[in-house]
Amino acid sequence: MEKQKQQDLIEKLSKGTVEFYSYQDDSLPDIVTDNHGVSVFVNKEAAESIQVNKDLLRTYSDLSEIYRSTADICFLDGKAKRVLLAKFPDSCEYVLLRLSIDVDLLVALPGLLRRYMKGKVAVLGKLILDTKDGSQSWLVIKPRNKQGNSTGGFSISKEVGVQGLLEYLREERVNYVVLRFYDDLPNLHRDGGDMDLLVADEDKEKVAKFLVDNRGEIPVEIFSVSDPSYRGITYYPPPLAKEILDNSVDGPAKSRIPAPKEAFLSLAYHALYHKGFDAGIRSKISPDKVNKKPKNDYAAKLSVLASTSGVDIDITMEDLDEYLAEASWRPKLDTLAKISFKNKWVWERFFSDKKSEEIGLGVFIIKKKALKEDLHNEIVAAIEKENFLVLDQKKFNEDEKEHVTKHLRGGNWTQHKAGDDFLPAAAVVVLDPHGAHASFEYIEENTGSRMRTLKERIRNKFDDDEVSLVHSTDNTHESWEYIEICFSDKGLQEIKTKIGKVGEDYKVPLGKKIKMKLKLLPYLFRSIFVRLKSWVIKQLLN
């Protein structure tokens, strides 16, 4: 293993967030003994017999939860190794695989080798860790395209220090805030902590250059208003990020910090939608999954900020979420869907049960450039040519454009440097008629695939730039939210009425119906393959 990577790994083992899954030994490696960011995840049966400190124990119900881990280091032992057959925790900095000759390792190897051959992971070598009961051998694996934060890994030297950074930001009139845990500035709030900055788009490059020129031992993360640097989305929805900056106030050490209202809202947002169960805040839906020893006491800090802001609220994840929704600070459904891939609480809260029946409903957002190039009607015609029904459509007036831009993520409308060419300009509501006329049981599962295929075909036909002219929903659940935002209540009711009449009123000629059925055959074969593959993997994971 390279010396620099080994040093980074050792530092994260002693100070970072570390998760052990299906750990087999009774004592943890010596290097993590004093690390407060350690958790040990086991199934309920193992929790009764394992001798590891009970305060560190967490239980999981399904091995598939492992790939959602966002820890700095994820240890896979016992049956947890099997998850590599199908998934990989690619938001972790490092994944350590226990080297022991057993069935679990044999199950894991095909998946690991597949990712290695595709260049998705790097195998750095073997690491020996000592425990009070002996030594352990672990294979160190690093994702090549880590799906976590892409904030550049910035830092500041001790010579310049936090105070020097704050002075630079003030002298250069940078529009920024220190997002949280700023009460002790210029000291960090805890050993091993970092400094989180939100900066205006126009100032990010300037701040990044200063940090690169003065890199050192103090970690700094910077997020801008509209840069999708947090797992492919913006750190906060741009209107909320702008609100935080616009209302900022003076803080300790001549810093800029969020005003009391935004301090509470932004920290609650961070705790719920960035951290999830790891924030350590009480949850009503899954109390056993809450991290009992979070790195930061978010619950206590939110309680103080709520009092300061005059907010009377019970500090639970669900109550905070309802409050954020009422304050228009809850992310929209398409954003939550993306967050849910790595946030177990968001998944359980919003997507674990079926919120609306899948009927093949979709919404296409056509961007301004397409209208300027007179492509609107051609795009609609191309959708209809793919045997999708166009239920309704509209071009937005200026107020509607602003409303839609503000309330729908849409692939981050404002991230592009092409003026307003890629802002939303029109909406088209479409329905897959297969849902009304196909008798296959699998159709409900595949309407999302058909909608995504339609989106790709439209993009391939009309896009001439790396930024697409269209954006679309992927499922019915998201589509209802888009319709509510893009159409008036009257329009919403009309669309619902049209959908209700499709089954009885939409008549398909026999020849066309046969053609539609034949087009479904690839989805039938794909469904059978996916179900067979899922069954095999499930048997191996159990």
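Start by selecting Arg173, which is exposed at 74% relative accessibility. You'll find Arg173 in the loop between α4 (161-171) and β9. Keep in mind that you're looking at a predicted model. Check the backbone here: Arg173 has a positive phi of about 55 degrees, though it is not a glycine. That's worth a pause, as most residues other than glycine have a negative phi.

Now hop to the loop between β9 and β10, where Phe181 sits. Phe181 also isn't a glycine, yet its phi is positive, about 50 degrees. Is Phe181 buried or exposed? With a relative accessible area of 17%, Phe181 is buried.

Stay in the loop between β9 and β10 and pick Pro186. Zoom in on the bond joining Leu185 and Pro186: this peptide bond is cis, with omega about 10 degrees. For context, most peptide bonds are trans.

Next, show helix α6 (residues 238-246) and colour Leu240, Ala241, Ile244 and Leu245, which are buried. Turn the view to look down the axis of α6: the buried residues fall within an arc of 140 degrees, so they line one face of the helix. What do the buried residues of α6 pack against? Bring up β9 (176-178), β10 (195-199) and α7 (260-275), and you have the partners.

While α6 and α7 are on screen, select Lys261 and Glu243, whose side chains meet in a salt bridge (4.0 Å, N to O). Lys261 belongs to helix α7 and Glu243 to helix α6, so this pair ties together parts that are 18 residues apart in sequence. Glu243 is partly exposed, at a relative accessible area of 21%.

The structure holds 27 salt bridges, and a few others make good stops. Go to helix α1 (residues 3-15) and select Asp8 and Lys12, four residues apart, about one turn of the helix. Their side chains form a salt bridge (2.8 Å, N to O). Asp8 is partly exposed, with 24% relative accessible area, while Lys12 is buried at 19%.

For another stop, pick Arg98 and Asp25, a salt bridge whose closest N and O atoms are 3.2 Å apart. Arg98 is in strand β5 (residues 94-98) and Asp25 in the loop between β1 (18-21) and β2 (38-42), so the pair ties together parts that are 73 residues apart in sequence. Arg98 is buried at 12% relative accessibility, and Asp25 is partly exposed at 21%. Then select Asp321, Glu322, Arg330 and Arg349 together to see a network of salt bridges.

Time for some cysteines. How many disulfides are there? The count is zero. Select Cys74 to see how this plays out: the nearest cysteine sulfur, that of Cys92, is 4.6 Å away. A disulfide needs the two sulfur atoms within 2.5 Å. Both Cys74 and Cys92 are buried, each with 0% relative accessibility.

Now move to Pro433, in the loop between β16 (424-431) and α15 (434-437). Pro433 is buried too, with a relative accessible area of 0%. Add Asn387 to the selection: the two C-alpha atoms are separated by 7.5 Å, though the residues are 46 apart along the chain.

Finish on the surface. Select Leu106, Leu109 and Leu113, which form a nonpolar patch with about 280 Å² of accessible area together. Leu106 lies in helix α3 (residues 103-117) and counts as exposed, at 59% relative accessibility.

Key. Residues numbered from 1 in each chain as written. Predicted model: local features only at pLDDT ≥ 70, side-chain atom pairs only at ≥ 80, totals over all residues. Heavy atoms only, no water. Patch = residues over 30% accessible without salt bridge, like charges linked within 9 Å, V, L, I, M, F, W, Y side chains within 5 Å. Areas by Shrake-Rupley, 256 points an atom, 1.4 Å probe, with all protein chains shown as cover. Helix = DSSP H or I, 4+ residues; strand = E, 2+ residues; numbered from the N terminus. Buried < 20%, exposed > 50% of the residue type's maximum accessible area, 1.4 Å probe, protein only. Arc of directions from axis to C-beta. Contact = heavy atoms within 4.5 Å.
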